[in-house]
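Trainee: Could we go through this model together, beginning with the interface?
Mentor: Certainly; please bring it up.

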There are 2 protein chains.
Amino acid sequence: MSNTKVLPLLEPETVAPCCPPLTERPFTAEEAERTAKMFKALGDPVRLRLFSAVASHEGGEACVCDISDVGVSQPTVSHHLKKLKEAGLLTSERRGTWVYYRVEPSVLAAMGKLLTLPPAA
Amino acid sequence: MSNTKVLPLLEPETVAPCCPPLTERPFTAEEAERTAKMFKALGDPVRLRLFSAVASHEGGEACVCDISDVGVSQPTVSHHLKKLKEAGLLTSERRGTWVYYRVEPSVLAAMGKLLTLPPAA
């Protein structure tokens, strides 16, 4: 029996930082589709709290057990974490009973870059 | 008759940059409510294209007449620009026939700051 670990494939169209700063030139329809997904994922207060809870947790990762104090049920927490994962903002790994979530730094950096201001003229 | 111009009042709860980086500590419910609005405003592909069209337009401002080539009707364009304005991302000013929109740099900078990564340990 093989002990090889099968790594999940990343989906480039959701996680790959794709686009120049929003202030550089008008986005194409395709760029806007890809980028809006990431902003939309953070456009919900509960998701934003969960994202912040994971992002600021010790070691940069957290399991559902660590971050369930946002006033919604655990299935709702799991649902929102899944949405953040689909948007490429979080990655996850099962270890024993729990699934651990971690912020994807490259995606966070790419979103930050989108919001870069143009140099003063 | 007075010629005094009445300036619209800013709404501090929507436009004021409020919060530390998402990676610094878990957001409170109130912080998440305020911040999610800004992300949500950019979480729609058409709004993101319009925002990018304004942000990248010559002189940092654009009127509806400049940015109507995103494949939706002009009332829809106006609707989305209003949403971006309500989120504090754009400001507007009427000059003659047209309303001109401009990116609010402080809000863009605040959103960028929210996405700041923590310093490497």
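Mentor: We shall discuss the interface, the symmetry, a hairpin and a salt bridge.

Trainee: What should I know about conventions first?
Mentor: Residues are numbered from 1 along each chain as its sequence is written, and chains are lettered from A and ligands numbered from 1 in the order in which they are written. This is a predicted model, in which local features need pLDDT of at least 70, side-chain atom pairs count only at pLDDT 80 or more, and totals for chains, interfaces and linings use all residues, while side-chain values use heavy atoms and leave out hydrogens and water.

Trainee: How many residues does each chain give to the contact?
Mentor: Chain B gives 32 residues and chain A gives 32 residues, where contact means heavy atoms within 4.5 Å.

Trainee: And what area do chain B and chain A bury between them?
Mentor: About 2700 Å², with 75% of it on carbon and sulfur atoms. Buried area is the accessible area (1.4 Å probe) that two parts lose on being put together, summed over both.

Trainee: How many residue pairs are in polar contact between chain B and chain A?
Mentor: Eight, with both residues at pLDDT 80 or more. A polar contact is a pair of N or O atoms within 3.5 Å; within protein, one must be able to donate a hydrogen and the other to accept it, and residues adjacent in sequence count only if both atoms are side-chain atoms.

Trainee: Which elements of chain B give two or more residues to that side?
Mentor: They are α2 (29-41), α3 (45-56) and α5 (105-114) of chain B; helices (H or I, at least four residues) and strands (E, at least two) are DSSP runs, numbered from the N terminus. The most comes from α3(B), with eight residues.

Trainee: Changing topic, what turn lays chain B on chain A?
Mentor: A turn of 180° with a shift of 0.0 Å along the axis, giving an RMSD of 0.0 Å. That is the relation of a two-fold axis. Copies are superposed by least squares on the C-alpha atoms of residues with pLDDT of at least 70 in both.

Trainee: In what sense do β2(B) and β3(B) pair?
Mentor: Strand β2 (residues 90-95) and strand β3 (residues 98-103) of chain B pair in the antiparallel sense over six bridges; pairing requires at least two bridges found by DSSP. E93(B) has Y100(B) as its bridge partner.

Trainee: Which residue forms a salt bridge with R95(A)?
Mentor: E61(A), with the closest N and O atoms 2.5 Å apart. A salt bridge is a side-chain nitrogen of Lys or Arg within 4 Å of a carboxyl oxygen of Asp or Glu.
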